[in-house]
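Student: Could we go through this model together, one question at a time, with the reasoning spelled out before each answer?

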Amino acid sequence: MGAAAIAGCAPNGKPPLPPGELLGMSHALGHRLRDGGFPAPSETRKIGVLIVGGGISGLAAAWRLAHAAVDDFLVLEMENEPGGNSRAGQSPLVAYPWGAHYLPLPTREAVHVRELLAELGVLQGDPAAQKPLYDERFLCATPQERVYRNGLWEEGLLPHRGLDAGEREQQRRFHERMEELKQARGSDGRRAFAIPMELSSRDPEWLELDRISFSQWLTDNGFTAPSLHWLANYATRDDYGTAHTQTSAWAGLHYFACRNGEAGNAASDAVLTAPDGNAWLMRGLAAKAAGRIVTGAMVWRIDEGKSSVAVDVLLGAKTVRFEARQLVWAAPAFVLPRVWGAMPGELKAAALAGDYAPWLTANLHLSDLPEERHGAPSSWDNVFYDSPGLGYVVATHQLIRRRLSGTVFTYYRALHDLAPAEGRRLLLETPREAWAEGILAELERVHPDIRRLTIRLDIFRNGHAMRRPVPGSLWSGQREKLADFRSPRITLAHADLSGFSLFEEAQYRGVLAAERVLARRSGAGSTPA
């Protein structure tokens, strides 16, 4: 499929496109890593703990080390700023996300998430409470979400207008079944679907669900309604970048059944958010690593020795060799085999076993709120039923008490309908103007005047946004090899170890890696998962 077909061609007679930039993860540095030719180290620095990767996992590892009064660590980030999928931008009007944009109410199992929220003053009172109170400024303002279908907006994500009795009954049964799965436990006493996912039951009856697709599970269980398949497909595209026909049924059910968090001052389906998405959470973690984050740092060689790990890092035009007593690899798993020549064969195979979803985000800066279609009122999350995109979130929705002259719409699209390699090629080769035209044409069906109101439109490309939880990828053994890897001086930490990218998973893997480092430093061995 060509770029014009997927992104859209500029029509005749339309006003010129708004200005903007084509942004994204540094593919040039990634290709440099593939091609090699780095300068020899010009200096050597010693460090206690070196954390490679400044996304949520790396920052969480630093956060945990800092809490343990460890200060001889450094975080290396290849990009020009930390944050990974939780980065954000700032306009003269408002902040806005470039990636992850909400956090569901944390479950009692997500103890590290609750600890962070309490530290930031967002969770108030006892972090272990069944129904803690949350700062209302971070509880998503209502209305929270709506879906555009058949020319009208409908409240909520699951369409209901004009459906026959049979489809409505299937929707009821589906909701009932998901509530049952939220409570389901295995013979080992663990929840069937927990978050972090490492805490889930290991009963074979649940793990077998990883062998089939989510769409097959729906059909096998009598859920054939088009609206339910649309919802499942939306959910897996939104969280995993993958269609429900290509998503593990275990992962699909995990989306709906893992989160049972509650609040004393909000409904159970409420989410925590801010104008800049999840960047406020990222900054909360990064604050503990202040002065110890180095950006523009690309690791190109790792050599594990008996007493230290030698790590060669490109900083500008020179290579610096770090000699670290402990290394935490918090970058994507697929990069590690390129830099660690002596990586064990089985671990290398596990790191390369998964693929990654290509992803596109756009931020549209608007001079005013656009014209609305009929139906449910403007919401924070605005989803399209019949559209290649996932819809958009409104940066100013959380500032509902302020009168602002404009806003920013953050538009999301997973390139799920292409093979990942083809999606990455398309991201690399398609000009900003083609993407911008396609996005505006899509949004014009819903907001006829949006082209006139858009004063800037920036595109962000992420070729390896998240590891894809395809059938067989979670519980067949390969992912577990990454999660269970033990080395005297190298520890892995990334959401890849969970098999999909969520804040809760990334933070958990970073904290767990830091605890293993701390255990080694104290001579106590590694801590259990």
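Tutor: Let us begin with one pair of strands, keeping in mind that this is a predicted model. Strand β16, residues 356-366, and strand β19, residues 407-414, are joined by 8 bridges and run antiparallel.

Student: Which residue of β19 stands opposite Leu360?

Tutor: Strands of a sheet pair through backbone hydrogen bonds, either parallel or antiparallel. Here β16 and β19 run antiparallel, and the residue in β19 that stands opposite Leu360 is Arg413.

Student: What is the strand order of the open sheet of 8 strands?

Tutor: The pairing in this open sheet is mixed. The edge strands, each pairing on one side only, are β1 (22-24) and β10 (152-155), and neighbouring strands are turned against each other by 25° on average, with direction ignored. Read across the sheet, the order is β1-β20-β16-β19-β18-β17-β9-β10.

Student: Helix α8 packs on the sheet; what angle does its direction make with that of β17?

Tutor: Helix α8, residues 226-240, touches β9, β16, β17, β19 and β20 as it packs on the sheet. Of its 15 residues, 14 are buried, so that the helix is mostly covered. Its direction and that of β17 (381-384) make an angle of about 120°.

Student: How far apart are the end C-alpha atoms of α8, and what span should its residues give?

Tutor: The reckoning takes 1.5 Å a residue for the 15 residues of α8, which should therefore span 21 Å. The end C-alpha atoms agree with this expectation, being apart by 21 Å.

Student: How is the aromatic pair of Phe174 and Phe223 arranged?

Tutor: A pair of aromatic rings is described by the distance of the centres and the angle of the planes. For Phe174 and Phe223 the centres are 5.6 Å apart, with 90° between the planes; because planes over 60 degrees apart count as such, the pair is edge-to-face.

Student: Are these two rings' residues, Phe174 and Phe223, buried or exposed?

Tutor: Phe174 lies in helix α5 and Phe223 in the loop between α7 and α8, 49 residues apart. The cut-off for buried is under 20% relative accessible area; Phe174 has 2% and Phe223 has 3%, so Phe174 is buried and Phe223 is likewise buried.

Student: Over which ring does the charged end of Arg479 sit?

Tutor: The charged end of Arg479 is 4.7 Å from the centre of the ring in question. That ring belongs to Trp475.

Technical notes: Residues numbered from 1 in each chain as written. Predicted model: local features only at pLDDT ≥ 70, side-chain atom pairs only at ≥ 80, totals over all residues. Heavy atoms only, no water. Pairing = 2+ DSSP bridges. Helix = DSSP H or I, 4+ residues; strand = E, 2+ residues; numbered from the N terminus. Axes fitted to C-alpha atoms, helices over the stretch in contact; angles between N-to-C directions. Contact = heavy atoms within 4.5 Å. Phe/Tyr/Trp six-rings, centres within 6.5 Å; stacked < 30°, edge-to-face > 60°. Buried < 20%, exposed > 50% of the residue type's maximum accessible area, 1.4 Å probe, protein only. Lys NZ or Arg CZ within 6 Å of the ring centre and 35° of its normal. Expected span 1.5 Å × (residues − 1).
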